[in-house]
Amino acid sequence: ERSSAPFEKMIWQRELMDLFLNLFSGREDIFARQWADKNENKSGYVPVRHPISISDVDDHINGRKTYGIYILQSDSRVKCAVIDADVLSEYRTGKISIEKRNMVKRERSYMISRIREASSELGLKPLLEFSGYKGFHFWYFFNQPVDASVAKSILTQIAEPVNRDISSFDLEVFPKQGKLSGKGFGNLVKLPLGIHRFSGKKSFFPECKKQDIESQLHFLKKVKPADLDDIKKVSEKASKDHIVLHPRMAGFAKDYPELYDLERVCPPLGQVIASCRERRSISIREEKILFQTIGFLPHGKRLMHYLMAFGSEYNPHMVDFKLSKIRGTPLGCRRIHSLMSFTGDFCDMEPDAQGYLHPLINLKEWKKMSEKKTLKSSNIENLNDALENMRCAMLQVQRFMK
């Protein structure tokens with residue numbers, strides 16, 4: 001048995017590399033090698049004029065060389081497509097302020113959450129990759145080659161709304177072309193799990209808990225390429241039913257509809273909500289924004305306990321105390337944009353009866369309120385409060401079990 005173990009491991013690795021090649025499939029007769037000259041601060045690719053092989057994949061994932069694929073096949077169809085999310089150059093240096101660094105982290109959580117959600121509405125589940133340099137790649141796979149124009153249209157539908165709501169990342173869709181023209185090879189994307197020759201960093205799939213090569217390759221077995229007909233059916237159903245959600249998002253939308261709606265319609269507030277749900281720490285300013293908006297809602301107490309329970313320093317009594325101090329009116333849009341250094345456009349909506357603009361105007365629950373009472377810090381008043389406190393406690397237990 002011992003003598004056969006190395007052979008079995010070799011067979012198993014070859015199967016995983018075959019899977020890798022089948023998923024990240026581009027132009028059939030050519031691929032590209034990445035080069036970098038740090039002295040000249042330059043990098044680029046040179047064509048490799050033969051079909052990519054298992055040996056090439058082995059060189060790539062073991063860091064000996066770094067390769068990329070031309071997304072479009074020779075017939076202008078694609079088996080995979082990418083949303084490329086690059087951090088803007090002004091945010092990639094180590095000298096940026098704490099506020100800007102926090103903004104990048106906040107927008108990263110929001111971007112990933114929104115792209116996953118928009119993808120699931122179309123029946124798609126992208127594979128997230130840290131690219132090793134500027135940001136992230138969201139990989140989409142099809143079980144049969146589809147026209148590049150169709151893939152481009154689908155991914156543009158996902159990326160464009162998100163791109164308008166963030167300022168530290170720039171989203172691009174690959175393929176950019178609907179079909180090949182002239183003598184060019186079309187768009188090129190670096191293959192995953194390789195070392196970026198300029199940064200020296202290795203790319204990886206962050207959703208995989210382990211970063212060793214075998215674990216990362218094995219993670220690809222979870223990928224399920226989409227069927228174009230299924231995408232069309234889901235899209236048609238979504239247009240009739242307004243929305244189709246991934247089960248995880250459906251549960252969130254059902255249990256916390258106000259938060260779900262705010263995350264979708266108010267980009268700056270949505271970024272903070274997404275950060276909480278991704279269990280990322282938020283700043284004092286961001287916490288203030290949550291309390292001074294969501295805290296005014298009829299179920300503000302329940303919603304705030306839900307969000308704060310994701311944090312490592314969640315204190316239910318402190319949450320109640322901060323809610324008891326809420327007075328006046330919700331924070332206005334201009335104030336929120338200022339506190340978050342948000343540079344996006346203001347939402348196109350009508351102000352309230354007093355001519356005041358704030359995010360809660362977007363919510364049906366706010367419009368239905370006949371009177372806006374200040375919330376009180378309280379003992380548990382009814383069974384619903386007790387159940388909500390139990391849910392918050394369960395969130396804490398689940399967080400420490402992961």
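The protein chain of this predicted model contains 15 helices and eight strands. Of its 402 residues, 46% count as buried. The accessible surface comes to about 21,600 Å², and carbon and sulfur atoms account for 50% of that area. Among contacts between residues at least 6 apart in sequence, 71% join residues at least 24 apart.

**The four-strand sheet**

Four strands form an open sheet in the order β5-β6-β4-β7, with antiparallel pairing. The edges are held by β5 (127-130) and β7; each has a single partner strand, so one side of each is left without a neighbour in the sheet. From one strand to the next, the twist averages 20°. Four bridges join β5 to β6 (residues 135-147) in the antiparallel sense, and Leu127 has Trp139 of β6 as its bridge partner.

Two helices are associated with this sheet. Helix α3 (residues 98-121) lies across β4, β5, β6 and β7, and runs at about 15° to β6. Helix α4 (residues 148-164) also packs on the sheet, where it touches β4, β6 and β7; its direction makes about 165° with that of β7.

**The contact of α3 with α9**

Helix α3 also meets helix α9 (residues 267-277): their axes come within 8 Å and cross at roughly 85°. Angles of 65 to 115 degrees count as roughly perpendicular, so α3 is roughly perpendicular to α9. On the side of α3, the contact is made by Arg106, Glu107, Ser109, Tyr110 and Ser113. On the side of α9, Pro267, Gly270, Gln271, Val272, Ala274, Ser275 and Arg277 take part. By type, the residues of this contact divide into four nonpolar, five polar and three charged.

**Strand β3 and its partners**

Strand β3 pairs with β1 in the antiparallel sense over two bridges. It is also joined to β8 by three bridges, and these two strands run antiparallel. One bridge partnership links Arg33 with Tyr67 of β3, and another links Tyr70 with Leu188 of β8.

In a regular strand, side chains alternate between the two faces of the sheet. In β3, both faces are covered: Tyr67 and Ile69 are buried on one side, and Gly68 and Tyr70 are buried on the other.

**Backbone features in loops**

Two residues other than glycine have a positive phi, namely Asn41 and Ser76. The table sets out their values and places.

| Residue | Phi | Relative accessibility | Loop |
|---|---|---|---|
| Asn41 | near 60° | 57% | between β1 (31-37) and β2 (42-48) |
| Ser76 | near 65° | 12% | between β3 (67-70) and β4 (77-87) |

The two loop residues fall into opposite classes of accessibility. Exposed means over 50% relative accessible area, so Asn41, at 57%, counts as exposed. Buried means under 20%, and Ser76, with 12%, is therefore buried.

A further backbone feature is found at Pro175, where the peptide bond from Phe174 is cis, with omega near 15°. Pro175 lies in the loop between β7 (169-174) and β8 (188-190). This loop thus follows β7, an edge strand of the open sheet, and leads to β8, which is joined to β3.

Notes
Residues numbered from 1 in each chain as written. Predicted model: local features only at pLDDT ≥ 70, side-chain atom pairs only at ≥ 80, totals over all residues. Heavy atoms only, no water. Buried < 20%, exposed > 50% of the residue type's maximum accessible area, 1.4 Å probe, protein only. Contact = heavy atoms within 4.5 Å. Areas by Shrake-Rupley, 256 points an atom, 1.4 Å probe, with all protein chains shown as cover. Pairing = 2+ DSSP bridges. Axes fitted to C-alpha atoms, helices over the stretch in contact; angles between N-to-C directions. Parallel < 35°, antiparallel > 145°, perpendicular 65-115°, else oblique. Nonpolar A, V, L, I, M, F, W, Y, C, P; charged D, E, K, R; others polar.
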